[in-house]
Structures are given as C-alpha cells and as structure tokens.
Amino acid sequence: MELKEQPFAPTLAQKLGDVPHVSGLLRRIAQLSGAGERVAEWLLKVAVERGADHYRRDFDPTLPADLPATSDEEIGVALCLGDNPYSLDSLRVAAQFLSSPRINATRLCCLAVQERCEPVLLHIAEIAKKYAPEQEPWVSLRKHLRPRRVPRNDALPHWTRLVSHNGMTCDGSPRTDWLCRQ
C-alpha cells in the first residue's frame, strides 16, 4: 500500500492561532444542501447568487442549488467559520453579503457567539466603522458582541479588500465605498 500526501490546507482557525470549533451549523448546511465536502464552495456560490455581486464568477455547475430555508445570517456566519479552509475570498464575500438591511442583527449576534466567529465579524465591523459608520448589522455587532481574542488577526482581510476604490471623482477627490449587497 502506498500513502500519498494530501496537500495541507489550513483552516481559518489555524491561521488565527485559534482552537478549531467543530460547527454544527456547517455540518447541518453541508448535509441539507447536499454539498457535503464542497460546502465552502457552495456557500460562496449561494452568497454571490443572493447579492454579493462584487465577487460574481462562474461556479461549478454540479454544485447543488440554493437552499432557501437556510437564512442569510446562517450563510454569512458559515462563511466566517474557523472550521472552513482558509480563504480570504470567503471572508470578503461574507462582509459584502452581510452588509444588507435584510440581515437580522440580533440573530447574527447569536449565531456569531454560538459558532465562535466573533473575531472575524468584529474585525469587519471595525473596518465598516470608517467607511459605513451607520450601516447595520455592523453597528449592532460593535455594540452587542463581546470581543473574543485570538492569538493572531493578521490572517483577516485588510480594509482595502472590503471596499471599492473608484479613483478620482468629478470634483477631483478619490472615492472609497463600502461594498454592500445588492
């Protein structure tokens, strides 16, 4: 018998130096959606289809269809789970996807604590404070979530990856806009 090496794909929790949390939410979504081991790809696809347009791309057509019974808050939190393979795209998509008046901030806060993704969501919320200071759910998250420290946060997206730089405007000044869900 010959053993073949599998490529090492660190999880978000490992990149943050955090203890991996085995997420019941992620397991449930993987099972109900039919995505199984491809749940991370499925989450990206669904978030883009539901309005995270900045990250539109072609997805594998064999991925299962959207599961409308899965709430937007669950999709957004699932994209931020430490159990997922490390992917800045997932975190950036989550930031745009959750930047919507359709998001129930109270439900999002509860899920964030339950699924141990407060550091990721608070990181995004702090960046949003500068570019979209009044936007929900980020205001509520900053107000109601207690910070949970992780050893490192340099694995989280830089602020430039969560905004759109429009260059020079008619009045000659540069413009930076927070990416919101359509």
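Let's start with Ile-124, which sits in helix α7, residues 118-131. When I say helix, I mean a DSSP run of H or I with at least four residues, while strands are runs of E with at least two, and both are numbered from the N terminus. Ile-124 is buried, at a relative accessible area of 0%. Buried here means under 20% relative accessible area, exposed means over 50%, and partly exposed is in between, using a 1.4 Å probe and protein chains only.

Quick word on where this comes from: it's a predicted model, so local features need pLDDT of at least 70, and side-chain atom pairs count only at pLDDT 80 or more, while totals for chains, interfaces and linings use all residues. Residues are numbered from 1 along each chain as its sequence is written, and side-chain values use heavy atoms, with hydrogens and water left out.

So what does Ile-124 touch, leaving aside residues up to four places away in sequence? Leu-91, Ala-95, Trp-138, Leu-162 and Trp-178. A contact, by the way, is heavy atoms within 4.5 Å. If you want a ruler across the model, Ile-124 and Ala-69 are 55 residues apart in sequence and 26 Å apart in space, going C-alpha to C-alpha.

Next up, helix α4. It's mostly covered, with 8 of its 8 residues buried. Among them are Asp-72, Glu-73 and Glu-74, as well as Ile-75 and Val-77. Which helices do the buried residues of α4 pack against? They pack against α2, α3, α5, α6 and α7.

Glu-73 in α4 is one I'd pull up on the screen. Glu-73 is buried yet has no salt bridge, and the nearest side chain of opposite charge, Arg-107, is 4.0 Å away. For charge, Lys and Arg count as positive and Asp and Glu as negative, and His and the chain ends are not counted. A salt bridge, for our purposes, is a side-chain nitrogen of Lys or Arg within 4 Å of a carboxyl oxygen of Asp or Glu. Not counting residues up to four places away in sequence, Glu-73 touches Arg-102, Ile-103, Asn-104, Arg-107, Leu-108 and Leu-111.

Now for the salt bridges that do form. By that rule the count comes to 18. Take Asp-72, also in α4: its side chain meets Arg-50 in a salt bridge, 2.7 Å from N to O. Arg-50 lies in the loop between α3 and α4 and Asp-72 in helix α4, so this pair ties together parts that are 22 residues apart in sequence. Both Arg-50 and Asp-72 are buried.

Another one is Asp-83 with Arg-27, where the closest N and O atoms are 2.6 Å apart. That pair links distant parts of the chain, 56 residues apart: Asp-83 is in the loop between α4 (72-79) and α5 (88-98), and Arg-27 is in helix α2. Asp-83 is buried at 18% relative accessible area, whereas Arg-27 is partly exposed at 44%.

Then there's a pair inside one helix. Asp-89 and Arg-92 form a salt bridge at 2.6 Å, N to O. They're 3 residues apart in helix α5, which means they are separated by about one helical turn. Asp-89 is partly exposed at 24%, and Arg-92 is buried at 12%.

There's also a network of salt bridges, linking Asp-18, Arg-116, Glu-118 and Arg-148. Arg-116 is worth another look: it has a positive phi of about 60° although it is not a glycine. Most residues other than glycine have a negative phi, and most peptide bonds are trans. Arg-116 lies in the loop between α6 (105-114) and α7, and it is partly exposed at 32%.

On the peptide bond side, the one from Glu-136 to Pro-137 is cis, with omega near 5°. Pro-137 is in the loop between α7 and α8 (138-144).

Last stop, helix packing. How do α2 (residues 24-33) and α3 (residues 39-49) pack? At an angle of about 80°, with their axes 10 Å apart. Axes are lines fitted to C-alpha atoms, for helices over the stretch in contact, and angles run from 0 to 180 degrees between N-to-C directions. Leu-26, Ile-29, Ala-30 and Ser-33 in α2 meet Val-39, Trp-42 and Leu-43 in α3.
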